[in-house]
Every structure is written in C-alpha cells, then in structure tokens.
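Visitor: I have a new structure to look at, and I'd like to go through it piece by piece. Please put it up on the screen.

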Amino acid sequence: MRGFLASSSGALPSTLRSLGAACAAVLALTPAPPAFGAVSGPVPVPRSASGGAVPGSTRSLPLVPLSREGDPGAAPEQGLRRTGLGRFALLGVVWDDPGTELRGRVRVRTRSAVTGEWTGWQDVEAHADHGADPGTAERSARRVRGATAPLWVGASDGVDVRVRAEKTGGRSALPSGLRLELVDPGQDAGETAGGAPAAGAPVDEPPRTALDTEAAIAASGANADIAAYGTTEIPELDRPATELELTKLQGPSRGKQYIGPRPKIVTRRGWGADESLRERGFVYTKKIKAAFVHHTASGNNYTCAQAPSVIRGIYRYHVKSMGWRDIGYNFLVDKCGKLYEGRAGGVAKAVLGAHTLGFNTDSMGVAVIGSHGTTQPPGAAVTAVARLAAWKLGLHGADPRARTYLTSGGGNLYPKGKKVRLNVMSGHRDGYATECPGKRLYAKLGTVRTSAARYQGR
C-alpha cells in the first residue's frame, strides 16, 4: 500500500483511489494546532480497512484470593495460574481506582510459547507513576484504572502471577478489582508466531494494522508540516536544513537560532499503531518548556527488532487496560538509539501527553524502553534522547541546560497551582515521587543536558 498516493497509472482499484482522495482532502484541510485543552475536529475510528478485526488483542483475567490456611495474620494475597492461553507478549496488573496505590509485591513467571519452558519469577514494577493531570478529561474518564508498569515477557502462552500486600502499621490490603492484563501486540509483517523474523521477510515493512482508516490518515496528516503523507520514518536533517525548516514553521527569526539537527523518527505508521484503539482527535498544550525523561520499566529482555512490538504492547496497555486516550509518552527510544513517535498529533507540535502526572502541561515526555534502576542505559539511547531534546526544545527556544517554571496540576510532590522551578531537562522523579527513570538513567541527565546544548550550537 505504501506509495499508493503517488501512483498515476490509473490502474488502482476504486477503493484505493477513494482513500487517496480522502488523504489529499485531510492534508489540504489540516488546521493549525488548537489552543491548550482543545480537541481537533471529530475523526471517526473504524476498524480495519476491510472491516475485520485488526491484529493484536488484550485478555483481562480477574485475580482470585489465594488460601493461606492456618495463618490468619498473613498479608492478603491474590493471583492465578493459567496455561493453554492464546499468545501474549506483555502483561500488567490493573485495579479499579487509579487514586489507590498498590502497596505490595507483584511477581510473575510465564511459559514460552516457543519452547514450553517456564521462566523464573520476575518482579513487576508495582506503580505506573504516569498519567494525565488531575481534573483533566483524560484523568477523569470512568474507564481510567490504577496499574502496575507493563512487563515485556516475549511470546508466551502460560502465566503464574502473585500479588501480595505489604504489611504497614499492622494493617495490609490490596486494591479492589485486581485483574491481570495479557497483551498480544500483533505480529509484524513476516514475523513468526514466536516473534522471530520469517525467512525472506521484507525489511522495515510495518504491520498491516488498520493503516488506511480515517483515524490513521489523520495521525499521518498531523506530520504533514514536516513529512510526506504515509511515511514510516521521518528522515534526519543536517543543521542548515533544520534551520530552514524552523523558518518555514515559525517564520524568520530576529536572532540566532539554537536548534539541533532534526533526528530520524519512526512514525506511528512505522511501528504499526492501530489508530482505532485511541480516542478521536488530538489534544495540544501551549508550548514545550521542559522535557521529562522516563524509562518504561518494562524490562530489558527485548531485541531492537522487537521494539515496535514492545511499543504496540505498551500502547494497547495504556489505552485498553489503563483507560488513557492514547499512549502516554510523546516519544520513545529503544536500546539501539532509534526514536519513535509516541502520542499522536504531530512530532513537531506541542502534543499534551500523560507522562508526568501534574506536569504534562507545557512539557514533553520521552521514555527509554527498558528498566534502568540497576542496569546502565545504552550509550546509543542516551545520545538519542539528547538529539531529540536538542531539536524539539529548539523548536520552542528552550536551552537544555537552563531551568524553567512549570505550574503543578497536582501530584504527590507539589500541590495543584504551585509554581515549581525545574530543570528544562528533568527526570520523572523531579516532578513526582517515583523511582522513574531509574537511578542509572537519571545519573545520565547531566550528560544529556550538555550534549543537547552542544547539538543546538550553544
């Protein structure tokens, strides 16, 4: 389907010609980003172009109490063990009230769908300390749930999970409505059921997940100011070309432009986002004054070739399991340093994310895929974060080494309405009491600030 808009042979089926006309109409009428809090015009969210179900799925299983006979003082524990399940590759635990904290330990083991062997027990990060700001429509939606971080486990067909409450002051309890979410991110083109590339599979071919619905057309059209419609990868630019693009986007500058060369970014179409999952339209903030660095806490046991599948899994978990309007991060970066578009709305625009609860307004969030509490982040990933920050902050005239003020939307560190002075390049833990982005990645932020400023020519 790639490149069908450029065809002029006249031999395309009428359905494709109609889609081409729809794409052209969307691009011709794409409006400027609305003011903060506004949502762009309604965009229908159909299923796949053929009307059938799109690849990928989510299975939700209620946890059950685990008997501890003869030990009435033991901490509450819930769990389940199931085999013979359909394929899944990412999991997490959710509960009813997003305002309730899970105080306890979550452990899982899974059975490989390829070998049939069980893994050892793994800890799941009990707190997904991201989310939309309090009082916003996204945060207030009835479907929003509390959740652990997602964990990437690879192609699996069996699971054993244990959730045990932590005893605090002689009392312990678990949140109500605990459920295990099993996510199948769908297979890439040419991928085997076990997640490995099939022999002779085309390289860099995105999965066919509802690529030509109106929602997909709108998501791709949101990047029309810097990229051709339907592109799977926005190419990198050198500094002179980036400065010319900045002038095109914002008009002539009266002073020196400090902006890093635009890095290469895989689009949502490139990683295979099923646009029918997310809510319609896009939501924007006024500008980008700060960037928050995260890790996904989803583990490091993935290959770079699997990164698109991991992102699709996180996307589905954020939307279908946690109830958010879209994936929470504005950008993601894998262990090989490849950058990916996150929340839809345009990579050069100020898209409102759900990455740093209380400080999503006037900021962006970039997440390194992995867990970096005790594991060093790869140098390629750190460099990619710096290059992205140099470009995106440069679009808004921000110096990565500087400090700025953001107004708290409410969180566990700062009350709503408080003006907080933060580093332009901050870690998630600077705005919210959390371990994110992990001790090892947080220690690299000084390097990120220096490198990003250098890329900007400062």
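Visitor: Let's start inside. Which residues have the most contacts inside the largest nonpolar core?

Guide: A nonpolar core is a set of buried Ala, Val, Leu, Ile, Met, Phe, Trp, Tyr and Cys residues joined through side-chain atoms within 4.5 Å. Buried means under 20% relative accessible area, exposed means over 50%, and partly exposed is in between (1.4 Å probe, protein chains only). The largest core here has 36 residues, and the ones with the most contacts inside it are Val385, Trp391, Leu393 and Met425.

Visitor: Which element supplies the largest share of this core?

Guide: Helices (H or I, at least four residues) and strands (E, at least two) are DSSP runs, numbered from the N terminus. At least two core residues come from each of S12, S13, S15, H7 and helix H9 (445-455). The largest share is ten residues, and the element behind it is H7.

Visitor: Before we go on, what kind of model is this?

Guide: Residues are numbered from 1 along each chain as its sequence is written, and side-chain values use heavy atoms, with hydrogens and water left out. Local features need pLDDT of at least 70, side-chain atom pairs count only at pLDDT 80 or more, and totals for chains, interfaces and linings use all residues, since what you see is a predicted model.

Visitor: Back to Trp391, then. Which residues is Trp391 in contact with, leaving aside neighbours within four places in sequence?

Guide: Contact means heavy atoms within 4.5 Å. With those sequence neighbours set aside, the partners of Trp391 are Ile226, Thr242, Glu245, Ile259, Gly260, Pro261, Arg262, Pro263, Ile265, Val347 and Ala348.

Visitor: How many residues are in the other core that lies apart from this one?

Guide: Among the members of that other core are Ala141, Ala147, Ile311 and Trp324. As background, nonpolar side chains in soluble globular proteins tend to be buried together. The separate core's count is 31 residues.

Visitor: On to the strands. Which are the edge strands of the open sheet?

Guide: Two strands pair if DSSP finds at least two bridges between them. Seven strands make up the open sheet, with mixed pairing, in the order S10-S11-S14-S13-S15-S12-S18. An edge strand pairs on one side only, and that fits strand S10 (233-234) and strand S18 (425-427).

Visitor: What is the bridge partner of Glu233 in S11?

Guide: S10 and strand S11 (residues 265-266) are antiparallel partners, joined over two bridges. Glu233 bridges to a residue of S11, and that partner is Val266.

Visitor: At about what angle does helix H7 run to S15?

Guide: Axes are lines fitted to C-alpha atoms, for helices over the stretch in contact, and angles run from 0 to 180 degrees between N-to-C directions. Helix H7 (residues 379-394) lies across several strands, including S11, strand S12 (290-295) and strand S15 (363-368). Its angle to S15 is about 165°.

Visitor: How many residues apart are Arg387 and Glu236?

Guide: Their side chains meet in a salt bridge (3.5 Å, N to O), which is a side-chain nitrogen of Lys or Arg within 4 Å of a carboxyl oxygen of Asp or Glu. Arg387 sits in helix H7 and Glu236 in the loop between S10 and helix H4 (239-250), so distant parts of the chain are linked. Along the sequence, the two are 151 residues apart.

Visitor: Arg325: buried or exposed?

Guide: Arg325 and Glu279 share a salt bridge, 3.2 Å from N to O. Glu279 counts as partly exposed at 29% relative accessibility. The relative accessible area of Arg325 is 9%, so this residue is buried.

Visitor: How many salt bridges does the structure hold?

Guide: One group forms a network of salt bridges linking Arg81, Arg109, Asp160 and Arg162. For the whole structure, the total is 19.

Visitor: What is the torsion about the S-S bond of Cys304 and Cys336?

Guide: A disulfide is a pair of cysteine sulfur atoms within 2.5 Å, and Cys304 and Cys336 are joined this way, S to S 1.9 Å. Cys304 lies in the loop between S12 and H6 and Cys336 in the loop between S13 and S14, so the pair ties together parts 32 residues apart in sequence. The disulfide is right-handed because the torsion is about 90°.
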